[in-house]
Amino acid sequence: MTTNDESRPDALDASGRRLDQIRLTGITALGYHGVFEHERREGQTFVADVVVHLDTRRAAARDDLAHTLDYGALAEQVAAVLSGEPVDLIETVAERIAATVLASGVVQAVDVAVHKPHAPIQVPFGDVVVAIHRDRTKLPAAEPYVPRPTEAEPVSRPVPTSTAAFPVTPAPGAPAVAAALPAAPWADAVVAPAPGGLSVGGPDTRSTELETIPEAVVDGEIVTDALDQAPDGPVEIVLALGANLGPAQETLREAVSDLAGTPGVEVVEVSALARTSAVGGPEQADYLNAVVLATTTLAPRELLRATQAIEHAHGRERHEHWGPRTLDIDIVLYGSVLAVTDDLELPHPRAHERAFVLQPWAQVAPHAVLPGLGGGPVGALAATAPDRDGVRWLALDWLTAPIPAVGNDTAAVPSGPRPGPEVLDA
């Protein structure tokens, strides 16, 4: 097997146990990748081998495809990448395949080998292979495969046929591209975890497609990007709140009230309150943390400015990176927008590994799914987050009642997983 040679260690789960594997070898398709004109014109055969690392026990125990990977869908999507939009490098093809596989929330790691047996090399050779290993700590440098829409499947907005690199805005004023998924990220239903992701079967899953938001809008001399555009209707958002200076519970309570009073924002649900140990930065006091689910008609940057104004009103100062703070409000999710700009990344780039966000979120929305390559079912991410053991629940009714004094760890534990520590910027 090309992609899993004897020198490569097996992929492990969060407890250090070896994951199971699904292997597909010899997936073959005619592609048009290469740097030479004749490669783009005439095409040639490309072959891919894929090893998927995951835990298959739940699927086997229930004999249910919904809890494992549909390798038939995997083979079709890998072949579609091989025969899809031409690129110069098979390294890019390998990254696209890896991104497509990791878009499934059940997959923890993947090995991909792309073969180019008819490469234009002027000496005798047997094969050319690019082999990569990607997991949720070393994400692919590409976006998942997105099917082309057919004439029978009209779309209201353009659907990209490429799997270009994750969008980045290099400098203020430069155009930014943001991708949006129509599925609600914290709705109380099982949702496909990422655009173009592999189907995991079962009657409760639904697929999503990747759509593009218009790149840049010029209004007079002002150039804005997609994150400055107001949505057509209310968008679901997830906000993470944290504080460890001053009267933290009172500050968080007032921050929730401030959010509810912000024009264009409607608070839907607030998690239980947790006391957490600080993660990163200097030695400092424990934090109080909570997650707010809401809807908004504000543009992403309007929402960012609104949350920063609330922070400022409560004395937030940014003198020390990861230092203590009176209030921190992070935008974890804005609908299903995927974007990277100088001032705002969506979803939050560290949300998938921060239990202090994931576990309160899972407590109020057990079936929530975090989109993007680092994402997956929020409950599963919360259960394996590295900081999951640094927390104590404090109160369910903390918005109306005082919490126990600091140091009192006997408060009742609410239903759902335990949250994790600190604030999202740690």
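**Exercise 1. Decide whether Val-35 counts as buried or exposed, and place the residue in its surroundings.**

Solution. The relative accessibility of Val-35 is 55%. The cut-off for exposed is over 50%, so Val-35 counts as exposed. The model used here and below is a predicted one. Along the chain, Val-35 sits in the loop that runs between β1 (20-31) and α1 (37-42). On the surface, Val-35 belongs to a nonpolar patch together with Phe-36 and Leu-89. The accessible area of these three residues together is about 280 Å².

**Exercise 2. Classify Val-146 as buried or exposed, and state how far its C-alpha atom is from that of Val-81.**

Solution. Val-146 has a relative accessible area of 2%. Buried means under 20%, so Val-146 is buried. The residue is found in the loop between β4 and β5 (179-180). Val-81 is 65 residues away from Val-146 along the chain, and the two C-alpha atoms are separated by 9.1 Å.

**Exercise 3. Work out the strand order of the open sheet and say which strands stand at its edges.**

Solution. The open sheet has 4 strands, ordered β1-β2-β3-β4, with antiparallel pairing. β1 and β4 (129-135) each have a single partner strand, so they stand at the edges, and one side of each has no neighbour in the sheet. From one strand to the next, the twist averages 15°. Now take one pair: β3 (residues 107-115) and β4 are joined in the antiparallel sense over 7 bridges. In one of the cross-strand pairs, Val-110 has Arg-134 in β4 as its bridge partner. Strands of a sheet pair through backbone hydrogen bonds.

**Exercise 4. Check the length of helix α6 against the expected span, then list which of its residues are buried.**

Solution. Helix α6 covers residues 300-313, which is 14 residues. The expected span is 1.5 Å times one less than the number of residues. For α6 this gives 20 Å, and the end C-alpha atoms are 20 Å apart, so the two agree. The buried residues of α6 include Pro-300, Leu-303, Leu-304, Thr-307, Ile-310 and Glu-311; Arg-301 and Ala-306 are also buried. An α-helix has 3.6 residues a turn, so residues three or four places apart point the same way.

**Exercise 5. Find what is notable in the backbone at Gly-315 and at the bond between Leu-346 and Pro-347.**

Solution. Most residues other than glycine have a negative phi, and most peptide bonds are trans. Gly-315, just after α6, takes a positive phi of about 80°. The peptide bond joining Leu-346 and Pro-347 is cis, with omega about -10°. Pro-347 lies in the loop between β15 (345-346) and α7 (355-364).

Terms used. Residues numbered from 1 in each chain as written. Predicted model: local features only at pLDDT ≥ 70, side-chain atom pairs only at ≥ 80, totals over all residues. Heavy atoms only, no water. Patch = residues over 30% accessible without salt bridge, like charges linked within 9 Å, V, L, I, M, F, W, Y side chains within 5 Å. Areas by Shrake-Rupley, 256 points an atom, 1.4 Å probe, with all protein chains shown as cover. Salt bridge = Lys/Arg side-chain N within 4 Å of Asp/Glu carboxyl O. Helix = DSSP H or I, 4+ residues; strand = E, 2+ residues; numbered from the N terminus. Buried < 20%, exposed > 50% of the residue type's maximum accessible area, 1.4 Å probe, protein only. Pairing = 2+ DSSP bridges. Axes fitted to C-alpha atoms, helices over the stretch in contact; angles between N-to-C directions.
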